[in-house]
Amino acid sequence: MSKWKLAFKPILTGIPLLLGVTWVSFLLMVYFGPDLSYTMAGKNPSTEQLQLIRHNLGYDQGFWHRYLAYLKELVTFDFGHSMYKDQKVTSMISNALPTTFYTLLPGFLLGHVISLVLAMLAARHQGRFIDKVIMTGSVIGMSISFLVVIVAFQLMFSSVHGLDWFPVRGWRIHGVDGQWSWSLYLQYVAVPTMAILFVTLGYNTRFYRAILVDEQDKEHIMTAQAYGHSTFNIYGKHLLKNALIPLMTRFLFSIPLVFISGALLIESHFGIPGMGQLTYDAIMAGDQPILKAVIALTAVGLVLMMMFSDLINSWVDPRLRDS
Amino acid sequence: MRPIKVLCCLALFLFLAACGEQPASNTTASQGKGQSNLKTYKHSEDGIPASLDPVKASSSYAGLVVLNVFDTLYSYQYLKRPYQLKPNLALDLPQVSEDGLTYTISIKPGVRFHDHVAFEGGQGREVVAEDFVYSIKRSFDPKSNASGAWLWQGKIKGLTEWKEAGADYDAPVEGLQPINEHTIQITLAQPYPQLTYTLAMPFSAIVPREVVTHLGPSFGAQPIGSGPFVLQRFDADVAYFNKNESFRQEPFDPAAEGYDPEIHAGLGIESLAGQSPPFIDRLEIHFIRESSSRWNAFTKGDDIQYTTVPKDKQNTVILKQAPLTLHPQITENYHHRYGTETGFIYSGFNMEDPTFGITGNLEQDEKNKALRCAIRKAHDWRQKNKAFYFGLGTVFPGIIPPSVPEFDHHTSQDSITTDIAGAKALLEQSGWQLDELPVFEYHVNASVQNRQNFAQLRAFLGKIGYPLHKIEYHPYPSFGAFYRAVQNRETPFFFMGWTLDYPDAESALQLLYGPNQTPGANHFNYQNPEYDALYRQASIMQPSNERTAIYRQMNQMVIDDCVLISGLSRNKIHLWHKNVVTYPDRQMLGGGHLRYVDVN
């Protein structure tokens, strides 16, 4: 199969996915989401005022009419104004997305790299003490609620009752001169990164370990060991390369979910004005234009990742290309 | 070796971060300005505003911002309690005609809007009477999704007709006329003694037409007014303001603002005398919902300088409840004050629902009334206050809270006194068999505290023999969903709060006025012709003993009919850093105190 076919196949399969995701989410929003008209109407509205607000918000239009309008918004990438905040949705997203990127990138990358290293250590010492220690640590990380970790880390590292090393909350990464400041950035991103690491290491390590253990039992690894290849050579060249497809798939597919939907808890608790905070506020307020945009972006991101994933997989494993 | 290297990198990363310079409170606020000697005050609130357009400012958080960016004709004296109006943009209190129908208001000349590209030359122009007229009209524009039209609906002559005629801003409104550039005349359809209060509310804030037209729907995100602060940026949960350098010079007079040495001495307020507010260069308002985050940021020292004490931190702060005493460590480090809200919480019955309300069958209606009264008698306000409000709340009978002058200390306490034997006797006398009692649905928006509230109420009702399996919890995923259910009359019994819009008991009494039935403010759908007649009679009366007597009579009617279980006014503890000069108020002032804040 040519690269072009490989690239466009996910787009073709992605269109039904996009339609499905947007339709289901829109259905949920319309029939089960909050109705803003009652809160927007104020304390003592008349029935007529309520109807007027419902009309202005488009609640009185039919489902299919509204859904088709949503698809048009998706194509033109113009989701109008937030129902709640009076800001343009695209400008809210374009402000929030870089913040989320900078907030989550260290935790995301370090989480995957450290997990992979720990998983390799555990796999290499499968069943032995190191393996058990790493796996026990992973289970502990997975077992503690993310919210508890966030509150505890904030207390330990940021509050006067703890080490008081970092700011409690907020996001001021520009210095007095208005320029990007690495020092400020590192201060504000440190505690969120540690919290992300603590929680995600367990999941990622266990997943990567399972892949690597499965791979290291294969004949080509045993053959390499029989030929006397170094451990570094075996793990770096043979094992990792052959396990790359599931590893890359997990890595790529977590990108849109993490960066577009954002880390709801992290951002809302640390007061970081990113996508997670934006989405959380929109969910709480029932702000449909923002929710529609976030859902659509996540779905588009997934389709793009499917496309990249297939391309990368075919590059890593030529057999896929030939088949 | 590689894993070790990676871990070393991580350690180095954390080390660098820890060693980096801490952001200084003042310098960070002056990003891009290169000025580190500016006075910055960092305020905090426990919720987040939505739109900052005055016509949509229905939440206290939005009101806080609006009252600092925009001007209203009137505001409240900074320190005077009970609250007293004072002129703000207006030159004086309104001149009211003898029949109470015509209000003439002069506004201060030379007051200018903040600069904006929509103005000629980009410089803010003078605020004129026409701007006020335009601003009130906006509440009646069908396209504006305004929340405050109810304040003037049917009261200012010609507004409804203007709306029905197409809401053309160039068309005049009979009762809303600019006499000249600096004089406004308002003509009412009937006397409305609360009108001046409404002109101190965020809904009446004055906006410039050309900027609203220029920004369209985005005006609510980039507000431009003539208030003491200019909004620079509004992130998801922090609003940054600069001082309005051209704000009118009005030297601060502590005595005129109600300064009382017995209450306000030691806060540094008297040192501000003679200076013109605002006294700070930068204002930051941090909207922090997470209580632990807010508390940690406050106690850290430089993140925020003011907070109310979150519920889960009251144990840390309070040493003794009666009399209320704070821990010495708190009083040593921070200034504090206690403030009672100008509203109250209550539980109410939907009188239109046959479960507890009116059925049309007189005998059943009497039984239902007895059931409502028995449920109220089972209620233990003392326990509720202790369990959820640290015993700090003020429990009072009826719907006239202690924060208004019409409150009556002599009202019988029976309606807020637990009487289990009386409740049981009442049920028995009215012919209720315990197994015949209806299913009791407790409707509320979902939260941990509301679940605990339900458990407590269930225990109260259990004491009078109410079958526990018939007491059900009906949570809603959000306040919006719950409010919709109340407005749609789907809640036989509900738990809510009400904040007064002005210091007049009418603001609470309207809750039971028949024509205000849902979707209006009368969530109880209470219909009592006698009550309604008294309401209409009192609503056109100026404050007087006679009017107060009518208010109290109405309050007693509501108590006698057992329409609601009320009430409790919550008491907040305010804390602020010792280097901040302020007397915070989250109630009627609505943020009007921020212009008087100073930082040493």
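What follows is a chat between a trainee and a mentor about a predicted model.

Trainee: Let's start with the interface. How many residues does each of chain A and chain B put into the contact?

Mentor: Chain A gives 65 residues and chain B gives 75 residues. Remember that this is a predicted model.

Trainee: What area is buried between chain A and chain B?

Mentor: About 5,700 Å². Carbon and sulfur atoms give 55% of that area.

Trainee: Why quote an area for an interface?

Mentor: Interface size is often given that way, as the accessible area lost when the parts come together.

Trainee: OK, charges next. How many salt bridges are there between chain A and chain B?

Mentor: Eight salt bridges. One of them could be worth pulling up on screen: K43(A) pairs with D501(B) in a salt bridge. The closest N and O atoms of K43(A) and D501(B) are 3.1 Å apart.

Trainee: And how many residue pairs are in polar contact across the interface?

Mentor: The rule finds 23 residue pairs between chain A and chain B, with both residues at pLDDT 80 or more.

Trainee: Which helices of chain A supply at least two residues of the side that touches chain B?

Mentor: α2 (36–40), α3 (47–57), α5 (89–124), α7 (146–158), α8 (182–216), α12 (264–270) and α13 (275–285) of chain A.

Trainee: Which one gives the most?

Mentor: α8(A), with nine residues.

Trainee: How do the residues on that side of chain A divide?

Mentor: On the side of chain A that touches chain B, 32 are nonpolar, 23 are polar and ten are charged.

Trainee: Back to salt bridges. How many are there over all chains?

Mentor: A search of the whole structure gives 34. D131(A) and R209(A) form a salt bridge, with their closest N and O atoms 2.8 Å apart.

Trainee: What does the pair D131(A) and R209(A) tie together?

Mentor: D131(A) is in helix α6 (residues 129–143) of chain A and R209(A) is in helix α8 of chain A, so the pair ties together parts 78 residues apart in sequence.

Trainee: Switching to the surface. Which residues make the nonpolar patch of about 690 Å²?

Mentor: W23(A), V24(A), L28(A), Y31(A), F32(A) and W64(A). Helix α1 (residues 3–32) of chain A has the largest share of the patch, five residues. W23(A) lies in that helix, α1 of chain A.

Trainee: Backbone check. Where is the cis peptide bond with P278(B)?

Mentor: The bond runs from P277(B) to P278(B), with omega near 0°. P278(B) sits in the loop between α8 (261–264) and β10 (282–287) of chain B. Another cis bond joins S566(B) and G567(B), with omega about 0°. G567(B) is in strand β20 (residues 564–569) of chain B.

Trainee: What about phi at N145(B)?

Mentor: N145(B) has a positive phi of about 50° and is not a glycine. N145(B) is in the loop between α4 (129–138) and α5 (159–164) of chain B.

Trainee: Why flag those?

Mentor: Because most residues other than glycine have a negative phi, and most peptide bonds are trans.

Definitions and conventions: Residues are numbered from 1 along each chain as its sequence is written. Chains are lettered from A and ligands numbered from 1 in the order in which they are written. This is a predicted model: local features need pLDDT of at least 70, side-chain atom pairs count only at pLDDT 80 or more; totals for chains, interfaces and linings use all residues. Side-chain values use heavy atoms; hydrogens and water are left out. Contact means heavy atoms within 4.5 Å. Buried area is the accessible area (1.4 Å probe) that two parts lose on being put together, summed over both. A salt bridge is a side-chain nitrogen of Lys or Arg within 4 Å of a carboxyl oxygen of Asp or Glu. A polar contact is a pair of N or O atoms within 3.5 Å; within protein, one must be able to donate a hydrogen and the other to accept it, and residues adjacent in sequence count only if both atoms are side-chain atoms. Helices (H or I, at least four residues) and strands (E, at least two) are DSSP runs, numbered from the N terminus. Ala, Val, Leu, Ile, Met, Phe, Trp, Tyr, Cys and Pro count as nonpolar, Asp, Glu, Lys and Arg as charged, and the others, Gly among them, as polar. Patches are made of residues with over 30% relative accessible area and no salt bridge: like charges are joined within 9 Å, nonpolar side chains (Val, Leu, Ile, Met, Phe, Trp, Tyr) within 5 Å. Accessible areas come from the Shrake-Rupley method with a 1.4 Å probe; for residues, only the protein chains shown count as cover.
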